[in-house]
Amino acid sequence: MLEVKELKKSYGNKEVVKNVSFTIDKGESFGLLGPNGAGKSTTISMICGLLPYDRGEVLVSDRSVKKFPMHIKKKIGVVPQEIALYPTMSARDNLLFWGKMYGLTGTKAKSRVEEVLDFVGLTDRAKERIETFSGGMKRRINIGAALMHEPELLIMDEPTVGIDPQSRNHILETVKKLNEQGMTIIYTSHYMEEVEYLCNRVGIIDHGEVIAIGTKTELCSRLVGGSVVQLTIEKASIEAVEALRSLDNINQVVTKEESDVVEVFVQNPHETLGNIMTTAVNHGMKIGAVEVKEPNLETLFLQLTGRSLRD
């Protein structure tokens, strides 16, 4: 369905996307995971044809986005980070407008509006102006606008940012249902749990580069040390961290600048926990809390980048 080949984008001397490559099969739900500023939105904008790329290629159904932009845009639905609706118009009129932008007219456009309103659960609010909606409701109509022309590929760029839990759950269930119906999904987020719930495969992007890609099982198998012992402390001295690194069965110790957390990667945390605690206290660490975390995508991200997803 989609092939991204060695995509590059720079602003002046700053390279924000660096040789990004991945493929997505038809009917797949693919997550692009990374913190703010990692290059996710820039990559998505280039895939959509909204932003020119400096080098590389994007193919949708074997056709180039650069050479056949209008053909490709008819196949793609885009849900941007920012709400792309007219606030003084009703939900129904917004959907009708965006449907017409994709060539829908007459009875077909009107029937499709009603189908989409029902799908996003806002039929009862169809006549109300968007400016009266909550943030979550606006985002649901935003998704509806991208679905009007029944796209083959739906691209969602952090669609749950800043909304209430109920709306967030509704959006996640909507995306899940669309994928089960056969729609190909690209879902970008810096919320790990959303990507784990929705996506068959995941690409992890950081500083403009794809640093890992695969299924959750494939990615977690790359972890050095099966679990993480997280210490919440007042201050970590260099000597204390080095002492932890010198312990037997410790695979890696990660600290973050201006943070009160030390992450210790171990294979058997419960066997090693006593030594970790004793060593930390003996080297002046004042421990406020201890948590043992089982391996997951966030653990892998921390190990690969040295920082947590939301940093």
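**A buried helix, a mostly nonpolar pocket and their surroundings**

Ile-276 is buried, with a relative accessible area of 0%. This residue belongs to helix 10, and it is a convenient place to begin a walk through the model, which is a predicted one. Setting aside neighbours within four places in sequence, the contacts of Ile-276 are Val-229, Leu-231, Leu-244, Leu-247, Ile-250, Val-264 and Val-266. Asp-248, which sits 28 residues from Ile-276 in sequence, has its C-alpha atom 9.9 Å from that of Ile-276.

Helix 10 itself covers residues 269–282. With 14 residues at 1.5 Å a residue, a span of 20 Å is expected, and the end C-alpha atoms are 19 Å apart, so the two values agree. Which residues of helix 10 are buried? They are Pro-269, Thr-272, Ile-276, Thr-279 and Ala-280. A general point about helices helps in reading such a list: an α-helix has 3.6 residues a turn, so residues three or four places apart point the same way. The cover over the buried residues of helix 10 includes four strands, namely strand 11 (227–233), strand 12 (250–255), strand 13 (261–266) and strand 14 (287–293), together with helix 9 (238–245). After helix 10 comes Gly-284, with a positive phi near 90°.

Strand 13, part of that cover, also holds Glu-263. Is this residue buried or exposed? Glu-263 counts as buried because its relative accessibility is 4%, below the 20% cut-off. Apart from residues up to four places away in sequence, Glu-263 touches Val-228, Val-229, Gln-230, Gln-252, Val-253, Val-254, Lys-293 and Leu-302. Val-229 is thus a contact of Glu-263 and also of Ile-276.

The next stop is the largest pocket, which holds about 480 Å³ of space. Its lining consists of 15 residues, and those nearest the centre are Leu-50, Ile-76, Val-78, Trp-98 and Tyr-102. By character, the lining is made up of 12 nonpolar residues, two charged and one polar. Which elements supply at least two residues each to this lining? They are helix 2 (69–75), strand 6 (76–79), helix 3 (91–101) and helix 5 (135–147).

Helix 1 (residues 40–48) is mostly covered, with seven of its nine residues buried. The buried residues are Lys-40, Thr-42, Thr-43, Ile-44, Met-46, Ile-47 and Cys-48. Gly-49 follows helix 1 and has a positive phi, near 85°. Elsewhere, Glu-114 of helix 4 (residues 106–119) counts as partly exposed because its relative accessibility is 33%. A separation of 26 Å lies between the C-alpha atoms of Glu-114 and Ile-72, which are 42 residues apart along the chain.

Positive phi values also occur in residues other than glycine. Glu-6, within strand 1 (residues 2–11), has a phi of about 45°. With a relative accessibility of 53%, Glu-6 counts as exposed. Ser-61 has a phi near 50° and is found in the loop between strand 4 (55–60) and strand 5 (63–64). At 32% relative accessibility, Ser-61 counts as partly exposed.

Stepping back to the chain as a whole, the secondary structure comprises 11 helices and 14 strands. The C-alpha trace spans about 75 × 45 × 35 Å along its principal axes. Of the 311 residues in the chain, 49% are buried. Where contacts link residues at least 6 apart in sequence, 69% of them join residues at least 24 apart.

How far can the coordinates be trusted in detail? The chain averages a pLDDT of 86, and 94% of its residues score at least 70. Among the elements, helix 3 has the highest mean pLDDT, 94, while the lowest, 71, belongs to helix 11 (residues 297–305). Where pLDDT is low, the predicted coordinates should not be read in detail. Helix 3, with that highest mean, is also one of the elements that supply at least two residues to the lining of the largest pocket.

Methods: Residues are numbered from 1 along each chain as its sequence is written. This is a predicted model: local features need pLDDT of at least 70, side-chain atom pairs count only at pLDDT 80 or more; totals for chains, interfaces and linings use all residues. Side-chain values use heavy atoms; hydrogens and water are left out. On a 1 Å grid over the protein atoms alone, a cavity is a set of points where a 1.4 Å probe fits but cannot get out, and a pocket is an open set with protein on both sides within 12 Å along at least five of seven lines; lining residues have an atom within 4 Å of a point. Grid points are joined across faces, edges and corners, and a volume is the space filled by probe spheres set on the points. Ala, Val, Leu, Ile, Met, Phe, Trp, Tyr, Cys and Pro count as nonpolar, Asp, Glu, Lys and Arg as charged, and the others, Gly among them, as polar. The expected span of a helix is 1.5 Å times one less than its number of residues. Buried means under 20% relative accessible area, exposed over 50%, partly exposed in between (1.4 Å probe, protein chains only). Contact means heavy atoms within 4.5 Å. pLDDT is the predictor's confidence in each residue, from 0 to 100.
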